[in-house]
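Biologist: I'd like to learn how to read a model like this one. Could you walk me through it, feature by feature?

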Amino acid sequence: MFTVIQEMPINATHEAMVVGVFEKEPLFSGIVAKWNEQLNGQLMELVNEGDLSPKKKHVSKVHTLGQMNIKRLYFVGLGKESELTFELLREAFGKLFKTVKGAAWSEVAVALDTFTTERIDANDAAHALSEAFTLATYQFAGYKQKGKEQEKKIEQLTVYTTADQEEVEASLFVGSVYGRATNSARMLVNTPSNLLTASALADYAVKLAKKYSFEYEVLEKAEMEKLGMGAFLAVNQGSVEPPKMIVLKYQGKETWEHVIGLVGKGVTFDTGGYSIKPKDGIVGMKTDMAGAAAVLGAMEIIGELRPEQNVIAVIPATDNMISGGAFKPDDVVTSMSGKTIEVTNTDAEGRLILADAITYAKQQGANYLIDVATLTGGVIIALGAHTTGAMTNNEALFEQVLEAAAETGEFIWRLPITEKDKERVRSSAIADLNNSPGREGHAIMGAAFLAEFAEDTPWVHLDIAGTSVTTKEHDLGPAGATGVMVRTLATLIERFEP
Ligand code: BES
Ligand code: ZN
Ligand code: ZN
């Protein structure tokens, strides 16, 4: 797939060559200046006439019409050199591969050194390149009888760089691991709930565990009953699909200490239960397991790259259905922690299943907790569809998550949990907690509820209800599931400092 070559021969022959251009004087230098000469200055003419631009993410294609061995040149505008970020570079590459997609040829070369700056070295650029390539060309296979004509794909990327060949190869590999794992999460989220039941999700996780030699267990209903997971079990009560508590352990340190717990909401379909969703609000609820998918995606990266960290993934998986046996508003349930919960809204089910998952993760030794969940519609109202809501009980852990998110370009923004908010979730007249104490600050209420179970363990909650799917195609993928937080979680774990 990737070939790294250290010197570009003057007669290099390719279907396409990709070149980065910055807004600077001279616009073309080195090999590109030579090509401009070879083409009798016509590249510069295209610049003057506005066909070729160094502006941010401007992709221009130039056909060399037999005047060069390289058939096509793709210029990727990068803006001002001092302003280029890792994130922008990845998006620019994404846009490039979207432009190239569906071409009748299957090979592209990249002049990697034209994409580097003082801040972004060849390894960063290689990571951005392969990650963007993997993400931008993702397509959900779907279920149409008559599949689309098998689209031609780019199968060979030749990377020219003067940097260390082995290091660049390694960076290309890491970028493609990040991209592939994100695509795995996208695939899970895009899969309808009749095909991705809690059992199917557990099977997927077990396969992953076997592939990467993780320790694993899948708790069945009877075991959960013994453990007293009354909050999780209540949500499953109306379903014919058995619940699964999926647990994967990765030990990258000598001893089981400084354990990071990743907890992902795995509601395979959310009808709302008896607090039923309206007919428009229910469509799309197959994606209510995007938190689980993010955690599994991160575990895939961990399995491939094997960082020196200890990680436990805990995924409570069930659907939230209606039947004669389903839980109801006004029910009181007892969680594994012993805390009792008055259910005032069966559609606030995510926090119920996560409560027991958090308690279980702590019991299994998690010293830090990150939960990822499509928890509230409220976060979409508060922050929109491009920013994940973050809430925490620990500044230092939050800072690490924030840094990881900045690096991956997956924006997060913090919302507060005040003492008043905590009082509200404790406001039930008949139980310790109320799972839905009113309309105000939904996203915060969800977090304040989870905080009761994290207790003193450093914890960050990521509400991805707005960011887990997108209605529009974007530089790094199609409409549908985004695979959000896979890369942020993996980056956090790779860099984590206790
Ligand atoms: N799964 C939903 C949240 C959601 C909404 C995800 C839209 C993706 C898109 C969650 O279980 C839910 O229904 N939350 C309620 C909470 C409320 C009842 C306190 C909500 O946000 O309305
Ligand atoms: Zn719900
Ligand atoms: Zn839900």
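Biologist: Which backbone gives a polar atom 3.3 Å from a nitrogen atom of ligand 1?

Modeller: That's L375, through a polar backbone atom. A polar contact here is a pair of N or O atoms within 3.5 Å; within protein, one must be able to donate a hydrogen and the other to accept it, and residues adjacent in sequence count only if both atoms are side-chain atoms. A backbone N or O atom of T374 also lies 3.5 Å from a nitrogen atom of ligand 1. On the side-chain front, an N or O atom of K277 is 2.8 Å from an oxygen atom of ligand 1. The protein buries 85% of the 520 Å² that ligand 1 exposes when taken alone (accessible areas come from the Shrake-Rupley method with a 1.4 Å probe; for residues, only the protein chains shown count as cover).

Biologist: Before we go on, what are the ground rules?

Modeller: The model is predicted: local features need pLDDT of at least 70, side-chain atom pairs count only at pLDDT 80 or more, and totals for chains, interfaces and linings use all residues. Residues are numbered from 1 along each chain as its sequence is written, chains are lettered from A and ligands numbered from 1 in the order in which they are written, and side-chain values use heavy atoms, with hydrogens and water left out.

Biologist: How many residues surround ligand 1?

Modeller: There are 18, and the closest are K277, D288, D347, E349 and G377. A residue is near a molecule or strand if one of its heavy atoms lies within 4 Å of it.

Biologist: How do I read a metal site, and which residues hold the zinc ion (ligand 3)?

Modeller: Look for donors: N, O and S atoms within 2.8 Å of the metal (3.2 Å for Na, K and Ca); water is not among the atoms, so sites may look incomplete. For the zinc ion (ligand 3), the protein donors are K265 (NZ), D270 (OD), D288 (OD) and E349 (OE), 2.0 to 2.4 Å away. Along the chain they're spaced K-x4-D-x17-D-x60-E.

Biologist: And what about its geometry?

Modeller: Ideal angles at a metal are 109.5 degrees for four tetrahedral donors, and 90 or 180 degrees for six octahedral ones. In practice, four donors count as tetrahedral if all angles lie between 85 and 135 degrees; four count as square planar and six as octahedral if opposite donors are over 155 degrees apart and all others between 65 and 115; anything else is irregular. The zinc ion (ligand 3) has 6 donor atoms with angles of 77 to 172°, and its site is octahedral.

Biologist: Why is the arrangement around the zinc ion (ligand 2) called irregular?

Modeller: Because its 6 donor atoms subtend angles of 72 to 168°. D270 (OD), D347 (O), D347 (OD) and E349 (OE) coordinate the zinc ion (ligand 2) at 2.0 to 2.2 Å. D270 coordinates both zinc ions, ligand 2 and ligand 3, which are 3.2 Å apart.

Biologist: Now sheets! What order do β12, β13 and β17 take?

Modeller: Strands of a sheet pair through backbone hydrogen bonds, either parallel or antiparallel. Strands here are DSSP runs (E, at least two residues), as helices are (H or I, at least four), numbered from the N terminus; two strands pair if DSSP finds at least two bridges between them. This open sheet runs β12-β13-β17, with mixed pairing. β12 (332–334) and β17 (433–434) are at the edges with a single partner strand each, so one side of each has no neighbour in the sheet. β13 (residues 340–342) pairs with β17 in the parallel sense over 2 bridges, and I341 stands opposite L433 in β17.
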